[in-house]
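Work through the exercises below with the model open. Each task is followed by its solution in steps.

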Amino acid sequence: MGSGQMPSKPPPPEGEGVPILPLRNSVLFPMSVVPINVGRPRSVRLVEDLLGRERAVVGVLSQQSADVDEPTFRDLFSVGTLARVVKVIRLGPSNYSVVLNGLGRFRVKEPQSLEPYMRARIERIPESLSRDVELDALGASLRESTREVLGLMPNLPKDTAGILDNVREPGALADLIASNFPQAQASIHDKQEILEAFEVKARVRLVLAMVTRQLEVLRVKKEITHMVQEEMGKSQREYILRQQMKTIKEELGEGGDDDEIEELRERIRLANVPTEVEKVVKKQLGRLRSMSQQSAEFNVTKTYLEWIADLPWSKSTTDRIDVTDVRKCLDEDHLGLEQVKKRIVEYTAVRQLRSDKKGPILLFVGPPGVGKTSLGKSIARSMGRRYERIALGGVRDEAEIRGHRRTYVGALPGRIIQALKKAGTKNPVLVLDEVEKMGADVRGDPTAALLEVLDPEQNSTFQDHYLDLPFDLSQVTFLATANERDQIPGPLLDRMEVIEVPGYTRNEKLGIAQQFLVPKQLRAHGLTEDRLDFTKEGIETVLDHYTREAGVRGLEREVASICRATAVRLAEGEDVHDVVSREHVERVLGPHKHRPEQAERRLDPGVATGLSTSAGGGDLLFIEATKMPGRGNFVLTGNMRNVMQESATTAISFVRSKAKDLHLDPEWLREIDLHVHVPKHGTPKDGPSAGVTMFTAVVSLLLGCPVRSDLAMTGEISLRGRVLPVGGIKQKLLAAHRAGLREVLIPERNRRDLDDVPPEVLRELKVTLVATVSDVLGLALLPADTDRDVSRPSGGEVTYG
């Protein structure tokens with residue numbers, strides 16, 4: 001069977017059963033001619049049956065859901081269109097194309113059968129032909145609206161508008177428009193609703209609403225298209241002009257930089273710079289385009305814009321401030337330092353409760369090697385922020401902080417801006433290392449430049465001289481470190497909260513070595529505990545005889561030396577399994593570098609042990625006094641500075657004024673000269689803490705009574721014999737504890753400073769509070785006939801507790 005023309009027959013009478021052809025994705029309307037592809041078995045049987053019979057009319061019903069392959073009457077709408085089969089074209093086996101001509105509406109009265117194809121009794125629905133003014137007005141409005149829609153759709157055939165004029169009946173016009181409406185704008189259910197609108201006015205209103213909606217869509221689309229075309233026209237014009245400019249520059253030998261400039265423009269756009277910065281950038285980019293590549297100013301401007309593009313103007317990390325995490329990180333990274341950890345946890349707790357609070361700038365003060373810088377790393381890790389360190393030691397130029405002005409050759413931003421670029425975020429943790437080691441000269445004072453950086457009320461608009469643009473530093477967490485608090489200028493110190501980070505006790509150093517230093521050095525040297533096993537005895541030997549410091553850097557270096565010795569033997573092919581005992585340490589590190597200070601001195605009259613502090617922490621300070629025939633002069637040696645010389649003068653004057661009370665000849669200084677000396681004269685010494693020690697040494701000399709070798713003292717004296725308070729009590733007691741002393745005398749007014757001393761030190765070291773020099777002499781001096789070696793530990797061993 002090829003193709004055939006069906007005979008023209010009238011529609012069946014009302015109530016007579018007709019074949020039913022289901023449609024999957026469309027709705028057939030009266031007065032429309034539509035080709036339908038037929039491929040489902042029932043539909044194919046229906047088409048083939050109609051070809052063999054004179055009956056050429058079918059009922060067309062649409063499916064409620066297109067997903068059903070073999071629908072029943074429940075899956076079909078009850079209202080459809082009676083249609084005549086105009087032509088059948090065979091496309092292949094069991095596949096036909098059927099041209100249908102809609103005749104009129106019908107309603108299914110009673111389904112009759114499903115096989116071999118669907119059949120049902122139907123009821124014809126007559127079309128009302130009555131017309132009035134309202135219906136004519138609705139029809140005219142529909143025709144005009146449709147004509148406007150067609151005018152906005154240039155892809156339609158030219159004779160489409162003429163068809164509208166040929167259909168005069170409003171109902172037929174509505175059916176024609178609905179039949180040809182695109183399915184994207186009208187769904188199957190929308191078209192079915194129009195088909196079921198038997199009243200002509202209601203049907204025309206439905207179609208008019210659908211056309212009006214589509215007309216608004218097309219109008220908006222036209223406006224958008226027009227705007228896009230205008231923008232594209234402007235962009236194309238700019239592109240053409242840029243291409244022409246590029247060609248001109250290439251002819252002049254100035255081409256090749258446009259791509260770099262565009263790339264720079266894009267980088268700055270992605271950096272999301274503030275509005276004020278964006279204005280400057282646009283101006284500089286415009287200047288850059290007009291410059292010659294060979295000019296010096298071209299490279300200066302390009303470098304300036306690259307710095308702006310690389311800075312984190314809007315990029316930041318999300319804080320995860322949690323007190324538990326901070327405490328955990330601090331405990332993982334540091335042993336001891338409980339007071340320091342407590343203050344950092346308090347600082348974090350406030351930040352957790354008030355994320356917008358501008359917290360204080362913390363200043364960690366302590367000797368080298370106690371973990372000040374690594375505390376900053378722990379804080380950054382616990383907060384989830386980036387970490388950067390700015391070394392300020394030896395900085396003397398203000399431009400190092402604020403940057404150089406771009407008029408200078410080789411100008412660069414200051415170290416603050418450089419650190420932010422490295423961090424890549426605008427809220428990192430920045431550690432200002434060794435702030436007290438900055439200096440001032442003719443190039444300015446860098447400490448004054450830091451005042452703005454560290455002031456929370458000003459640093460939100462910090463201006464680097466190189467950028468000459470405001471940059472917000474208010475979200476940066478600043479930490480600072482220093483070895484000596486006294487060398488920091490007052491205004492700078494006023495902006496920071498000082499946290500003392502003292503040295504470690506012997507037990508704390510032992511724990512640090514076992515938990516941190518030994519595993520770290522084993523990994524660094526490619527060793528395992530099986531190859532090199534550090535015992536407690538071996539580490540204690542290193543502590544007692546090869547290091548003397550407040551921190552642990554020297555300890556780490558000695559541990560590294562032991563690891564290197566084993567690594568060399570392994571590299572030479574030996575099967576090494578060393579145990580780091582006392583003997584192994586002495587064999588690798590050689591003779592003892594330090595002996596206990598207590599064993600270095602003798603109990604001779606005129607020698608007293610004091611305590612001092614320096615950038616390296618606390619230390620013992622020996623004061624020696626001697627006399628010789630003379631005329632009443634006294635000499636001070638040992639590289640003593642002004643304050644210390646005044647302390648010595650005060651001590652001697654007090655002894656002269658109290659000669660009778662001390663059972664001395666009132667004229668004792670007339671026939672002798674007195675010499676007070678502080679050993680280690682290569683090191684400058686200053687400060688008020690040695691007054692009590694000098695007084696004790698002079699009295700010991702004059703009375704011939706030795707001073708206890710297991711005792712040290714600190715404190716200043718007045719001309720009335722009062723013992724005045726001094727600073728650095730914690731560091732001094734740690735030094736005495738390291739030296740194995742049994743007792744320390746401190747001023748009564750320093751009682752509160754004992755709260756900061758580790759409990760371990762107070763358990764093993766007796767601390768006696770003294771108010772007057774009489775208290776000192778009663779505790780420090782031994783009788784004149786005392787055996788000089790009675791208090792000295794045998795064998796030079798350090799005695800603890």
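Contact means heavy atoms within 4.5 Å. This is a predicted model, so local features need pLDDT of at least 70, side-chain atom pairs count only at pLDDT 80 or more, and totals for chains, interfaces and linings use all residues. Residues are numbered from 1 along each chain as its sequence is written, and side-chain values use heavy atoms, with hydrogens and water left out.

**Exercise 1. Find what F478 is in contact with, and place F478 in a core.**

Step 1. Skip the neighbours of F478 within four places in sequence. The contacts are then I361, L362, I416, L430, L432, V453, L454, N459 and L473.

Step 2. Define the core. A nonpolar core is a set of buried Ala, Val, Leu, Ile, Met, Phe, Trp, Tyr and Cys residues joined through side-chain atoms within 4.5 Å. Buried means under 20% relative accessible area, exposed over 50%, partly exposed in between (1.4 Å probe, protein chains only).

Step 3. The largest nonpolar core holds 52 residues, and I308, L432 and F478 touch the most other members. Helix α9 gives the most to this core, six residues. Helices (H or I, at least four residues) and strands (E, at least two) are DSSP runs, numbered from the N terminus.

Step 4. Another core, of 43 residues, lies apart from it; I379, V429, L517 and L532 are among its members.

**Exercise 2. Is T301 buried or exposed?**

Step 1. Locate T301: helix α9, residues 296-310.

Step 2. Read its relative accessible area, 4%. T301 is therefore buried.

Step 3. List its partners, leaving out residues up to four places away in sequence. T301 touches Q284, R287, L288 and M291.

**Exercise 3. How many residues of helix α24 are buried?**

Step 1. α24 spans residues 729-739, and ten of its eleven residues are buried.

Step 2. Among them are I729, L733, L734 and H737.

Step 3. Go past the helix end. G740 follows α24 and has a positive phi, near 80°.

**Exercise 4. Describe the second largest pocket and the second largest cavity.**

Step 1. Set the terms. On a 1 Å grid over the protein atoms alone, a cavity is a set of points where a 1.4 Å probe fits but cannot get out; a pocket is an open set with protein on both sides within 12 Å along at least five of seven lines; lining residues have an atom within 4 Å of a point. Grid points are joined across faces, edges and corners, and a volume is the space filled by probe spheres set on the points.

Step 2. The pocket has a volume of about 770 Å³. Its lining counts 29 residues, with G369, G371, S374, V552 and E556 nearest the centre. α17 supplies the largest share, seven residues.

Step 3. The whole structure has five cavities of 30 Å³ or more. The second largest encloses about 70 Å³. Its lining includes I20, R40, D69 and Y117. α1 gives the largest share, three residues.

**Exercise 5. Which strands pair with β6?**

Step 1. Apply the criterion: two strands pair if DSSP finds at least two bridges between them.

Step 2. β3 (residues 33-38) joins β6 (residues 95-113) through six bridges, antiparallel. I36 stands opposite V98.

Step 3. β5 (residues 79-92) and β6 run antiparallel with twelve bridges. They form a hairpin with two residues between them, and S94 in the turn has a positive phi of about 55°.

Step 4. β7 (residues 119-125) is joined to β6 by seven bridges, also antiparallel. The hairpin linking β6 to β7 passes through five residues. E110 has R121 as its bridge partner.
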